[in-house]
Amino acid sequence: MTATPLRPPSREELGAFARRGDVLVASDFDGVLAPIVLDPASARPQPGTIEALSAMAALPGVSVALASGRDLATLRALTGIDESSPIVLIGSHGAEISTTLGSAASGGSALSDVERAALDGATHALETIAERLPATRVEYKPAGVVLHTRGMDEDEAERATCAALAVSQDVPGVHAMRGKAVVELSVLDVSKGAALAALAAERNLRATFYLGDDVTDETVFTTLRAGSDIGVKVGDGDTAAAHRVPGCTDVPTLLDALLGALTKARRYAPRDDADVRDDADAGEGAVSAPEAGR
Ligand SMILES: [Mg+2]
């Protein structure tokens, strides 16, 4: 599969999405809101991104969620989104959710004995790999364990990655997820796509807008419906998303455009008819997102 020249969503497409009634706006964090950095602890959201999402969350009929591989506590700390915010935080690829999702909620902190034993086995296996390849780093989560290979020599990183992926074959009940320079072993069979679909179903939301940059975000893009949802891949790589922006520096401009469309649509009664012509938006131009000074 070769990369097709996908374009950013146009203003008309954002306007049509905004008029669909109750909607979900969701995004990944690393590589989308925050530039990828060598030290994950120093990742920070780009100026204006959290502000735009918070403004969207304050609009009637707009649910906002962040879906990250980070654990919930770290995601909260890095974004500054506290418990009073209406923004839903989904951590550990869906194993931790900051709100109660009825029957769809997955209990990241309450592992069964079997899950606990699987987590211990996966943890021991990754620690053994890290002893052999000291440039790797092990991260511990409530329902998973992660091997990081960012910054490593390419061959060494591949060896570490293959060894980590093999753990899921050896330890029963362990699910492996490969991302950019990470392998996550989880004892819960979760995904960002399943978590966001559960949120949308719980709140009866009619359309989803999603931004993501990594292979784990494909679990969301593959659930989106052409014609009503909007998926935007950030950066290079094969994707099931219908749109793309070149990099995370394009994201603040895109979020501003979406905020504008949602705000405008909510000045009037929400309309389901996506074909309604909006003369004020009658321009074909895609929302290009130059690295404007922000
Ligand atoms: Mg990411």
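The questions and answers below concern a predicted model and move from its overall make-up to single residues.

Q: How many helices and strands does the secondary structure of the protein come to?
A: In this predicted model, buried residues make up 46% of the 294 residues, and residues 24 or more positions apart account for 66% of the contacts with a separation of 6 or more. The secondary structure behind these totals comes to 8 helices and 11 strands.

Q: On which side or sides of helix 4 do its buried residues Ala118, Leu119, Ala122, Ala125, Leu126 and Ile129 lie?
A: Helix 4 runs over residues 113–132 and reaches 29 Å from its first C-alpha to its last, close to the 28 Å expected at 1.5 Å a residue. Within helix 4, Ala118, Leu119, Ala122, Ala125, Leu126 and Ile129 are buried. Because these residues cover an arc of only 130 degrees around the axis, they are placed on the same side of helix 4.

Q: Which exposed residues does the face of helix 4 turned away from its buried side carry?
A: An α-helix has 3.6 residues a turn, so residues three or four places apart point the same way. The buried side of helix 4 is covered by elements including strand 5 (137–141), strand 6 (144–148), helix 5 (154–170) and strand 8 (182–186). The face turned away from that buried side carries the exposed residues Asp113, Arg116, His124, Thr128 and Glu131.

Q: How many of the residues of strand 8 are buried?
A: In a regular strand the side chains alternate between the two faces of the sheet. Strand 8 has Val182, Glu184 and Ser186 on one side and Val183 and Leu185 on the other, and all of them are buried, so that both faces are covered. Strand 8 is therefore largely enclosed by the rest of the structure, the buried count being 5 of the 5 residues.

Q: Which residue in the turn between strand 7 and strand 8 has a positive phi?
A: Strand 8 pairs in the antiparallel sense over 5 bridges with strand 6, where leucine 147 has valine 183 as its bridge partner. Strand 7 (residues 175–179) also pairs with strand 8 in the antiparallel sense over 5 bridges, and glycine 179 stands opposite valine 182. Strand 7 and strand 8 form a hairpin with 2 residues between them, and the turn residue with a positive phi, of about 60 degrees, is alanine 181.

Q: Between which domains does the largest nonpolar core lie?
A: This core has 80 residues, of which Ala65, Ala122, Leu196 and Leu258 touch the most other members. Its largest share, 9 residues, comes from helix 8 (residues 251–265). Because both domains give residues to this core, it lies between domain 1 (11–105 + 191–268) and domain 2 (113–186).

Q: Which are the edge strands of the open sheet formed by 7 strands?
A: The order of the sheet is 4-3-2-1-9-10-11, with mixed pairing. At one end, strand 3 (residues 88–91) and strand 4 pair in the antiparallel sense over 2 bridges, with glycine 91 opposite glutamate 96. Each edge strand pairs on one side only, and these are strand 4 (96–97) and strand 11 (243–245).

Q: Is histidine 93 buried or exposed?
A: Histidine 93 lies in the loop between strand 3 and strand 4 and has a positive phi of about 60 degrees although it is not a glycine. With 28 C-beta neighbours inside 10 Å, where 20 or more are required, histidine 93 counts as buried.

How values were computed
Residues numbered from 1 in each chain as written. Predicted model: local features only at pLDDT ≥ 70, side-chain atom pairs only at ≥ 80, totals over all residues. Helix = DSSP H or I, 4+ residues; strand = E, 2+ residues; numbered from the N terminus. Buried ≥ 20, exposed ≤ 12 C-beta atoms within 10 Å, placed from the backbone. Contact = placed C-beta atoms within 7 Å. Expected span 1.5 Å × (residues − 1). Arc of directions from axis to C-beta. Pairing = 2+ DSSP bridges. Core = buried A, V, L, I, M, F, W, Y, C linked by C-beta atoms within 7 Å. Domains from an automatic or database assignment.
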